[in-house]
Amino acid sequence: MTQNRDQDESQFIRVRFRWTREEARRAAKEARAARRLIEKAAPYLAAMLFFAVISVNDGLDRAVLYGLMGAVFWVCFDRAFRKGERENFEKSPAHNCDVEWRIGESQLETSLGTHHSSFGWEWIARAVQTPRGFLLIMSREAIWLPNHGFSSKADIETLCQFLRNTVTTFTPSKRILI
């Protein structure tokens, strides 16, 4: 029985790390960087179109005024958003906990303290390998798997190959930082 259990365990890739505020910031930064170009450019294109229409209708002075107002609003919104991220992290039961992901051919399993969950690969819409780890993107959330959580570089390469064959859209990284 224990031999079967060892064989079953060897089929999993384990990723272990501590979910700290710094790790959460790194994950958020990697998620922002991994957004598709259209997702990044859409707000700027919309703003450019808006200001072009205003400058034609109301004159350039009013367009500049609206542009400055928009910039001030954007800075305030960005600060409030980041403050909300910090507060959500502090309220999260996951903060400063050890996280373990077990990645198998049929599903992903996670344990976070006493909480355990698992789900199938069909939930993963897109996977992105960044220099510092992997983002497994679901519809509205992403799973962060940092490179330093893997036990070896071979596990990183195995996961990379598995994602190429399993996930519909996989974007590999050109360089890897551990």
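Me: Before turning to the helices of this predicted model, what does "buried" mean here?

Reply: A residue is called buried when its relative accessible area is under 20%. In helix α2, the residues that meet this cut-off are E23, A24, A27 and E30, and across the protein buried residues make up 32% of the 178 residues.

Me: What makes the buried residues of α2 line one face of the helix?

Reply: Seen down the axis of α2, the buried residues fall within an arc of 130°, so they line one face of that helix.

Me: How do you know that the span of α2 is close to the one expected?

Reply: The expected span is 1.5 Å times one less than the number of residues. Helix α2, residues 21-33, has 13 residues, and the distance from its first C-alpha to its last is 18 Å, which is close to the expected 18 Å.

Me: Which strands does α2 lie across?

Reply: Helix α2 lies across β5, β6 and β7, and runs at about 115° to β7. Helix α5, made of residues 153-166, lies across β5, β6, β7 and β8, running at about 30° to β6.

Me: Why are β7 and β8 called edge strands?

Reply: The open sheet has 4 strands in the order β7-β6-β5-β8, and its pairing is mixed. Because β7 (142-146) and β8 (169-171) each pair on one side only, they are the edge strands.

Me: How do you know that β5 and β8 count as a pair, and in which sense do they run?

Reply: Two strands pair if at least two bridges are found between them. Strand β5, residues 126-130, shares 3 bridges with β8, so the two strands meet that requirement, and they pair in the parallel sense. Within this pairing, R126 stands opposite T169, and A127 stands opposite F170.

Me: What makes the pairing of this sheet mixed?

Reply: The pairing of β5 and β8 is parallel, whereas β5 and β6 pair in the antiparallel sense over 5 bridges. A hairpin through 2 residues joins β5 to β6, and the bridge partner of A127 in β6 is L136.

Me: Why is β5 described as covered on both faces?

Reply: In a regular strand the side chains alternate between the two faces of the sheet, so both sides have to be examined. On one side of β5, R126, V128 and T130 are buried, and on the other A127 and Q129 are buried as well. Strand β5 is accordingly described as mostly covered, with 5 of its 5 residues buried.

Terms used: Residues numbered from 1 in each chain as written. Predicted model: local features only at pLDDT ≥ 70, side-chain atom pairs only at ≥ 80, totals over all residues. Heavy atoms only, no water. Buried < 20%, exposed > 50% of the residue type's maximum accessible area, 1.4 Å probe, protein only. Arc of directions from axis to C-beta. Contact = heavy atoms within 4.5 Å. Axes fitted to C-alpha atoms, helices over the stretch in contact; angles between N-to-C directions.
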